[in-house]
Amino acid sequence: VQLVESGGGLVQAGGSLRLSCVASGSIFSTSALAWYRQAPGKKRELVAAITSGGSTNYADSVKGRFTMSRDNAKNTVYLQMSGLKPEDTAVYYCNLKGFWRFGVPYDYWGQGTQVTVSS
């Protein structure tokens, strides 16, 4: 399974970006997905997650500004980010996880995409 993120870039505070993550393979629709981010010198943190059924949850810091969605037909997950703040600057990573047969877990990561928000 490979995950490829895109959509990062440089944006002014208050602006918007949409991140995309395309997954290879046939396990996308039954997997949970998440977006994480890691700023320089900080730990990687969960930004948003979506279950295979489409339920979402968000970090308090992005609630009301970010929206995560998935398109199983395209094996793609999105993160729509609006009202961006300089503190949103980080490398954003896509994560896919679930279970193979017999309960064996899997956990895949993309290479990350840089989001930089200027003040």
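This text walks through one buried arginine and one open sheet in a predicted model.

Start at arginine 37. This residue lies in strand β4, which spans residues 32-38. Is arginine 37 buried or exposed? Its relative accessible area is 6%. The cut-off for buried is under 20%, so arginine 37 counts as buried.

Next, look at what the side chain of arginine 37 meets. One polar contact, of 2.9 Å, links it to the side chain of aspartate 88. Another polar contact, 2.9 Å, runs from the side chain of arginine 37 to the side chain of tyrosine 92. Now widen the view, leaving aside neighbours within four places in sequence. Arginine 37 then touches Lys43, Arg44, Glu45 and Val47. Its contacts also include Ser61, Val62 and Phe66. Glu87, Asp88, Ala90, Val91 and Tyr92 are on the list as well.

Now turn to the sheet. Four strands build it, and the sheet is open. Their order is β1-β3-β8-β7, with antiparallel pairing. Which strands stand at the edges? They are β1 (3-6) and β7 (66-71). Each has a single partner strand, so one side of each lacks a neighbour in the sheet. On average, neighbouring strands of this sheet are turned by 15° against each other, direction ignored.

Follow the edge strand β7 to its partner. Six bridges join β7 to strand β8, residues 76-81. The two strands run antiparallel. One bridge can be picked out by residue: aspartate 71 is partnered by threonine 76 in β8.

Technical notes:
Residues numbered from 1 in each chain as written. Predicted model: local features only at pLDDT ≥ 70, side-chain atom pairs only at ≥ 80, totals over all residues. Heavy atoms only, no water. Buried < 20%, exposed > 50% of the residue type's maximum accessible area, 1.4 Å probe, protein only. Polar contact = N/O pair within 3.5 Å; in protein donor to acceptor, adjacent residues only side chain to side chain. Contact = heavy atoms within 4.5 Å. Pairing = 2+ DSSP bridges. Axes fitted to C-alpha atoms, helices over the stretch in contact; angles between N-to-C directions.
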